[in-house]
Amino acid sequence: MPLLETRQVTKSFGGLTANYQVDFHVDEGEIVGLIGPNGAGKTTFFNVITGFYRPDSGKIYFEGDDITGKPPEQLCRKGIARTFQVVKTFKGMTVLENVMVGAFVRTLSTGEARRRAEEVLKFGGLYEKRDMLASGLTIADKKRLELLRALATEPKLLLLDEAMAGLTPVEVKTAIELVRKIQARGISIVLVEHVMEVVMPLSDRVMVLASGQKIAEGEPHQVAHDPVVIKAYLGERYAQRQAA
Ligand SMILES: Nc1ncnc2c1ncn2[C@@H]1O[C@H](COP(=O)(O)OP(=O)(O)OP(=O)(O)O)[C@@H](O)[C@H]1O
Ligand SMILES: [Mg+2]
C-alpha cells in the first residue's frame, strides 16, 4: 500500500483546469520529484493533497484512508506537512517560537513543544539563531525555518514547494543535505523544484506535469531523456549536459 495515493484528481478554477485526472503515489521512504513548466499545476496539486483545495473529482488516500476533502489541520495531524512556494514564517515571532507552532500539533504542553522545537532546530542547523526574529533571517534561513516548522509537526510525508528557489549554490548544497537527513529519518518527501541539477539526483522517482496533466513518470534518468518531457519542459540543454 502506498503512503499517499491520488486517483484521477481534477481541480479547475473557472474554465482553467489546473489538475486533470492525476494519478500519483508516494511509497514509504521515497523522495519523489514533481516537475513541470510554470503554471503546470504543481502548487495546486500540493494544495489539493494538503486539503487547502477540495478536488472537483477524484480521490486521495493516505495510509489507505480516504482523505479527500479533509481540512488541512486534520491532514497535518495525520502526518502530512508542507512548505509554501512563497515563504510563510511568522515574522514577529522568534525562530524558536515559529518551530514551536509546528510542535503544538503534537502536544499541548509549552515545555514539551519547546523541547521538541529545540531538537528540530539542532537537527536542522538553526539552533544558534533560535532567539532571532524570523523577519531578520536571510531567504535561505527563512526557507529552512519553514521546513523545520513543518518537520516539528512530525510528518510521515513532507511536501516541499520550491524550498531551494533563490538560494546560492552553497545554500542549495546545505539544503540538499538536510533533505537527505530527513529522508534518513524515514520521512517521505515530494519535492517541487525547477533546478534539475537538484531534483534529479535527489529523487527516487519523478513525475512531470504539463498543463495540469501527468505527461511522464519514472526514474530520473528516464524522465530526463523522454522526448515528450524535453519538448514540454526541459529543452535540449539539460538532457545534453547529462549525456556529456
Ligand atoms: N487560486 C487560484 N485561482 C485561479 N487560478 C489559479 C489559482 N491557483 C492557481 N491557478 C492557476 O492554475 C494554474 C496552475 O497553477 P499552479 O500555481 O498550480 O502552477 P505551478 O506548476 O505551481 O507553477 P509555478 O512553477 O509557476 O509555481 C495556473 O494557470 C494558475 O494561474
Ligand atoms: Mg508553484
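In this predicted model, Leu209 stands opposite Lys214, a residue of strand S10. The pairing to which these residues belong joins strand S9, residues 205–210, to strand S10, residues 213–218, through 5 bridges, and the two strands run antiparallel. S9 and S10 form a hairpin in which 2 residues lie between the strands, and Ser211, in the turn, has a positive phi of about 45°. Lys214 also takes part in a salt bridge with Glu217, for which the closest N and O atoms are 2.7 Å apart. Both partners of this salt bridge fall in the partly exposed class, because the relative accessibility of Glu217 is 33% and that of Lys214 is 32%.

A further set of paired strands is found towards the start of the chain, where 4 strands form an open sheet in the order S2-S1-S4-S5, with antiparallel pairing. The edges of this sheet are strand S2 (16–26) and strand S5 (65–66), each of which pairs on one side only. Strand S1, residues 4–13, is joined to S2 by 7 bridges in the antiparallel sense, and within this pairing Glu5 stands opposite His25 in S2. Helix H1 packs on the sheet, where it touches S1, S2 and strand S4 (57–62), and the direction of the helix makes about 115° with that of S1. In general, the strands of a sheet pair through backbone hydrogen bonds, in either a parallel or an antiparallel manner.

Helix H1 also contributes to the site of the magnesium ion, ligand 2. The protein donors of this ion are the OG1 atom of Thr43 and the OE1 atom of Gln85, which lie 2.0 to 2.1 Å from the ion. These two donors link distant parts of the chain, since Thr43 belongs to helix H1 (residues 42–49), whereas Gln85 lies in the loop between strand S6 (80–82) and helix H3 (95–103), and the two residues are 42 residues apart. Thr43 is partly exposed, with a relative accessible area of 25%, and Gln85 is likewise partly exposed, with a value of 35%.

Across the whole structure, a search finds 14 salt bridges. Side chains of opposite charge can pair when their charged atoms come close. One of these salt bridges is formed by Glu112 and Arg115, whose closest N and O atoms are 3.0 Å apart. Because Glu112 and Arg115 are 3 residues apart in helix H4 (residues 110–124), about one helical turn separates them. Glu112 counts as partly exposed at 22% relative accessibility, and Arg115 is partly exposed as well, with a relative accessible area of 43%. This pair is part of a network of salt bridges that links Glu112, Arg115, Arg116, Glu119 and Glu154.

Another salt bridge joins the side chains of Arg149 and Glu146, with an N to O distance of 3.9 Å. Here too the spacing along the chain is 3 residues, within helix H5 (residues 139–151), so that Arg149 and Glu146 are separated by about one helical turn. Both Arg149 and Glu146 are buried, whereas Glu112 and Arg115 are each partly exposed.

Technical notes: Residues are numbered from 1 along each chain as its sequence is written. Chains are lettered from A and ligands numbered from 1 in the order in which they are written. This is a predicted model: local features need pLDDT of at least 70, side-chain atom pairs count only at pLDDT 80 or more; totals for chains, interfaces and linings use all residues. Side-chain values use heavy atoms; hydrogens and water are left out. Two strands pair if DSSP finds at least two bridges between them. Donors are N, O and S atoms within 2.8 Å of the metal (3.2 Å for Na, K and Ca); water is not among the atoms, so sites may look incomplete. Buried means under 20% relative accessible area, exposed over 50%, partly exposed in between (1.4 Å probe, protein chains only). Contact means heavy atoms within 4.5 Å. Axes are lines fitted to C-alpha atoms, for helices over the stretch in contact, and angles run from 0 to 180 degrees between N-to-C directions. A salt bridge is a side-chain nitrogen of Lys or Arg within 4 Å of a carboxyl oxygen of Asp or Glu.
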